[in-house]
Amino acid sequence: MAKRVLRGRCFAYTAKVVINKQIPQVNSLFHRPIKRHSTQHRHVKKLRPVCGAWRGGASSAGPAQRLKGRAGPRSPHELAVRTRGKMSPKKPPVVSGTSQVDAKASPGSHRYNVNYPSLGQCIIINNKNFERHTGMGERNGTDLDAESAMKTFTALGYKVRPPRNDLTVQKIRELFKSVSKEDHSQSASFVCVLLSHGEEGVIYGTDGVVELKELTRYFRGDQCRSLVGKPKLFFIQACRGTGLDCGTETESCIETDSVSDHSSTERIPVEADFLYAYSTAPGYYSWRNVATGSWFVQSLCSLLLAHSGHLEIMQILTRVNHKVALEFQSNSNLPGFNRMKQMPCIVSMLTKEFYFS
């Protein structure tokens with residue numbers, strides 16, 4: 001190769017010589033005694049500016065700047081092929097077994113698509129009165145929560161059905177099953193608001209308890225195909241235990257969504273795109289004001305209306321957590337129920353960010 005370069009078209013073969021790593025053969029030309037003004041000397045003078053950029057000789061800036069205007073040595077893949085006075089970059093060869101991937105995702109890949117005719121359906125279950133054998137008391141103030149939820153999600157763009165009041169366990173099951181069988185292909189999401197007594201992992205119908213897992217399974221990807229890949233949001237105002245958090249005294253009339261003392265294991269579905277916003281942390285009471293509604297639902301509704309246009313759902317719920325934790329506290333005449341606080345809890349299996357608009 002080197003011999004052929006010296007006899008003829010040195011410029012056309014220069015890059016081949018370098019990329020094939022035959023530089024020692026070329027370099028040797030620069031160190032051999034060559035008679036001045038000979039034919040061999042003239043060819044070497046033509047080769048020296050091009051190969052000098054790779055050799056990085058005594059003056060690395062000069063030859064390199066003549067190639068591309070850059071100083072310093074170049075790699076073989078950066079070496080330019082000089083033909084007819086023009087410089088064109090030589091593309092590096094593809095190495096087998098390796099690939100380059102652009103790590104930057106498209107802007108919309110981390111957001112749920114809300115470009116549907118409807119934002120979705122919203123159902124509200126509002127249980128206030130319970131059968132005597134359950135041992136559950138009347139949930140005064142819950143109608144205010146149901147009304148606030150209906151107004152809020154209607155304002156957000158949901159198709160809100162009138163609240164379903166005082167449903168038995170069987171009626172709750174039938175409602176969930178019926179809604180899951182409907183066509184949600186024109187909807188961006190689904191919302192359910194549950195207002196009732198509860199315990200860890202269960203919610204009360206007027207005649208007994210039902211596991212939340214049993215209800216939400218109707219909306220799993222293998223049960224409700226038209227909601228696959230879409231956010232399914234559940235807002236649950238109910239107690240999850242009998243624990244109490246100490247707080248600061250305040251003047252208010254307070255009740256709790258309490259139930260009889262029995263143990264239960266919480267079981268949460270692991271399927272994607274579910275979000276559960278609980279009014280309280282596992283094992284604790286959930287407080288409700290009989291005159292103004294529950295701390296959680298009223299805070300949720302006010303912050304959804306204030307920030308749904310520019311904040312993501314998790315950001316809004318974090319602000320709900322902050323508001324409930326710092327702005328509310330109980331004052332009760334019952335021993336041990338005075339000066340109590342509440343901490344909402346977010347359980348998310350969402351796979352993308354969800355904006356209401």
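This is a short tour of a predicted model, going from the whole chain to single residues.

**Stop 1: the whole chain**

Start with everything shown as a cartoon. You should find 10 helices and 17 strands in the chain. Buried residues account for 46% of the 357 residues. If you switch on a surface, its accessible area comes to about 18700 Å², and 50% of that belongs to carbon and sulfur atoms. Contacts reach far along the sequence: among those between residues at least 6 apart, 74% join residues at least 24 apart.

**Stop 2: colour by confidence**

Now colour the chain by pLDDT. The average for the chain is 77, and 63% of the residues score at least 70. Select residues 1-31, where the pLDDT is below 50; beyond near neighbours in sequence, this stretch has 46 contacts in the model. Then select residues 53-106, where the pLDDT is again below 50 and the model has 56 contacts beyond near neighbours in sequence. Where pLDDT is low, the predicted coordinates should not be read in detail. You may want to hide both stretches for the rest of the tour.

**Stop 3: strand β3 and its partners**

Select residues 118-126, which form strand β3. How many of the residues in β3 are buried? The count is 9 of its 9 residues, so this strand is mostly covered.

Next, bring in the partners of β3 one at a time:

- Select residues 187-195 for β6. β3 and β6 pair in the parallel sense over 8 bridges. To find one spot along this pairing, label Ile125, which stands opposite Leu194 in β6.
- Select residues 159-160 for β4, which pairs with β3 in the parallel sense over 2 bridges. Here the bridge partner of Gln121 is Lys159. To follow the chain from β3 to β4, add helix α6 (residues 142-156): the path goes through this helix, and the β-α-β crossover is right-handed.
- Select residues 164-165 for β5, another parallel partner of β3 over 2 bridges. Ile125 appears again at this pairing, standing opposite Arg164 in β5.

With Ile125 centred, you can look towards Leu194 in β6 and towards Arg164 in β5.

**Stop 4: Ser187 in β6**

Go back to β6 and pick Ser187, which lies in this strand. Is Ser187 buried or exposed? Its relative accessibility is 8%, so Ser187 counts as buried. Show the side chains around it: leaving aside residues up to four places away in sequence, Ser187 touches Tyr116, Ser118, Leu119, Gly120 and Lys230.

**Stop 5: a three-stranded sheet and a helix**

Move on to β7, β8 and β9. These 3 strands form an open sheet in the order β7-β8-β9, with antiparallel pairing. Why does one side of β7 and of β9 lack a neighbour in the sheet? β7 (198-199) and β9 (208-211) stand at the edges and each has a single partner strand, so one side of each is left without a neighbour in the sheet.

Zoom in on the join between β7 and β8 (residues 202-205): these strands run antiparallel and 2 bridges link them. Label Gly198 and you will find Ile203 of β8 opposite it.

Now add helix α7 (residues 169-181) to the view. This helix lies across β8 and β9, and runs at about 30° to β9.

**Stop 6: two residues with positive phi**

Two loop residues make a good pair to inspect side by side. The first pick is Asp166, in the loop between β5 and α7. Asp166 has a positive phi of about 50°, although it is not a glycine. With a relative accessible area of 30%, Asp166 is partly exposed.

Then jump to Arg339, in the loop between α10 (313-327) and β16 (340-341). Its phi is near 60°, again a positive value in a residue other than glycine. Arg339 is partly exposed, with a relative accessible area of 45%.

**Stop 7: Met349**

Finish at Met349, in the segment after β17 (345-348). Met349 counts as buried because its relative accessibility is 17%, and the cut-off for buried is under 20%. Finally, select Tyr276 as well and draw a distance between the two C-alpha atoms: Met349 and Tyr276 are 73 residues apart in sequence and 8.5 Å apart in space.

Methods:
Residues are numbered from 1 along each chain as its sequence is written. This is a predicted model: local features need pLDDT of at least 70, side-chain atom pairs count only at pLDDT 80 or more; totals for chains, interfaces and linings use all residues. Side-chain values use heavy atoms; hydrogens and water are left out. Two strands pair if DSSP finds at least two bridges between them. Helices (H or I, at least four residues) and strands (E, at least two) are DSSP runs, numbered from the N terminus. Contact means heavy atoms within 4.5 Å. Axes are lines fitted to C-alpha atoms, for helices over the stretch in contact, and angles run from 0 to 180 degrees between N-to-C directions. Buried means under 20% relative accessible area, exposed over 50%, partly exposed in between (1.4 Å probe, protein chains only). Accessible areas come from the Shrake-Rupley method with a 1.4 Å probe; for residues, only the protein chains shown count as cover. A crossover is right-handed if, with the strands pointing away from the viewer, the path from the first strand over the helix to the second runs clockwise. pLDDT is the predictor's confidence in each residue, from 0 to 100.
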